[in-house]
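Me: I would like to learn how to read a protein model, beginning with its ligand. Could you walk me through it?

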Amino acid sequence: MMKEKIDQLLAEIDTLTAQTAEQAEELRIKYLSKKGSVSVLFDDFKTVAPEVKREVGQHLNQLKNKATEKINALKEAVEANGGPAVAGLDLSRPADPIAPGARHPLSIILNRISEVFSHIGFAVEEGPEIVDDWHNFTALNFAEEHPARDMQDTFFVEGEEKMLLRTHTSTVQVKIMQTQKPPIRAIMPGRVYRNEAISARAHCFFHQVEGLYIDENVSFADLKQTLLYFAKEMFGEETKIRLRPSYFPFTEPSAEMDISCTICGGKGCNICKYSGWVEILGCGMVDPAVLDNCDIDSKKYSGFAFGMGVERIAQLKFQVKDLRLYSENDVRFLGQFKSALL
Ligand code: PHE
């Protein structure tokens, strides 16, 4: 009886086929699960007469091994044929296209600025966005009553009288002057915050890159040469620069730098307001009082600093008219800079 059943099942197993993973699994359940026809025979085995137990036992084990091997082979075969088969899935359909991402235009500009300055030995330094009043203002020579400290320009941290969102990345200059010894040569990219009404031309946050160079005998000529090199690398060999006297509490003398308009080449257009020049950064010789505030000997060392807005440079490069686009994360806008090579 038992032997016949085993033979019958052995023959059956030989003929099994499966097209899908589900079918293979159904076969496993049918033969090998607890109530499966092979397993059930093991229960019956208990009743087999002692004299044939050995022979029948061997036969039964053979059946179990064969069934396991066969069903595993079927499972492997359907899986190799296109992965787990799910009902209703058509594997021959073209895949949904996943568009490749793009760098943010401000990142593209920032990377390029870093690259230009890295060629002349400037390291990249970063610092926190929430700083104390001393790093943002006092160390940088802002008088107590300086209007930049006014509540209208600065976001103060609620409940923390002297903590604020940095209004410029000069805070990082303070940090590295305190922690490094000259020669210091670094640029400081980062996000800064000012309490401005949001419009196409102003936002409550934007990005800056500042630069700092401190060593013995650093002169204004070094500053001018460095900025001329930057302007030509960034905007093209034919770019001209001009420096106009200006004022910053932390530099003396101070200047603002214009470049010849990249849009009209200096002939006059609405971007340069028909002057042929566009302002791109502030700069100057680090005020000796700032060096002393940060424990650098102002009798031995001198230095220059400069600071520019990344959005402003991006505007000249990409002619983006509305600043708000940079922070709205609209992929239709962001996707336009995919192939922007500078
Ligand atoms: N920190 C200045 C600003 O935010 C820019 C600047 C940096 C000017 C360094 C001169 C020197 O406007």
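Reply: Happily! Keep in mind that this is a predicted model. Start with a polar contact: a nitrogen atom of the ligand is 2.8 Å from an N or O atom in the side chain of E210. A pair of N or O atoms counts as a polar contact if the two are within 3.5 Å, so this pair qualifies.

Me: How much of the ligand's accessible area does the protein cover?

Reply: On its own, the ligand has 320 Å² of accessible area, and the protein covers 89% of that.

Me: Which elements give two or more residues to the shell around the ligand?

Reply: They are strand 5, strand 8 and strand 9. Strand 9 has the largest share, with three residues.

Me: Which residues come nearest to the ligand?

Reply: There are 13 residues around the ligand, and the nearest are H168, S170, R194, Q208 and E210. You have met E210 already. For S170, a polar side-chain atom lies 3.1 Å from a nitrogen atom of the ligand. For R194, a polar side-chain atom lies 3.0 Å from an oxygen atom of the ligand.

Me: And how do the residues of the shell divide into nonpolar, polar and charged?

Reply: Five are nonpolar, six are polar and two are charged.

Me: Now for the strands. How do strands of a sheet pair?

Reply: The general idea is that they pair through backbone hydrogen bonds, either parallel or antiparallel. In this model, seven strands make an open sheet in the order 1-4-5-9-8-7-6, and the pairing is mixed. At the edges are strand 1 (123-124) and strand 6 (241-248), each of which pairs on one side only.

Me: Can you show me some pairs within that sheet?

Reply: Let's take two. Strand 8 (residues 277-286) pairs with strand 9 (residues 302-309) in the antiparallel sense, over five bridges. One bridge to find in your viewer links G284 with its partner A305 in strand 9. Next, strand 6 and strand 7 (residues 251-260) run antiparallel and are joined by seven bridges. Here R242 has D258 in strand 7 as its bridge partner.

Me: How many residues lie between strand 6 and strand 7 in their hairpin?

Reply: Two residues separate these strands in the hairpin.

Me: Which helix lies across strand 4?

Reply: Look for helix 5 (residues 105-118), which lies across strand 1, strand 4 (184-193), strand 5 (205-215) and strand 9. Helix 5 runs at about 165 degrees to strand 4. Angles here compare N-to-C directions on a scale from 0 to 180 degrees.

Notes
Residues numbered from 1 in each chain as written. Predicted model: local features only at pLDDT ≥ 70, side-chain atom pairs only at ≥ 80, totals over all residues. Heavy atoms only, no water. Pairing = 2+ DSSP bridges. Helix = DSSP H or I, 4+ residues; strand = E, 2+ residues; numbered from the N terminus. Contact = heavy atoms within 4.5 Å. Near = heavy atom within 4 Å. Polar contact = N/O pair within 3.5 Å; in protein donor to acceptor, adjacent residues only side chain to side chain. Areas by Shrake-Rupley, 256 points an atom, 1.4 Å probe, with all protein chains shown as cover. Nonpolar A, V, L, I, M, F, W, Y, C, P; charged D, E, K, R; others polar.
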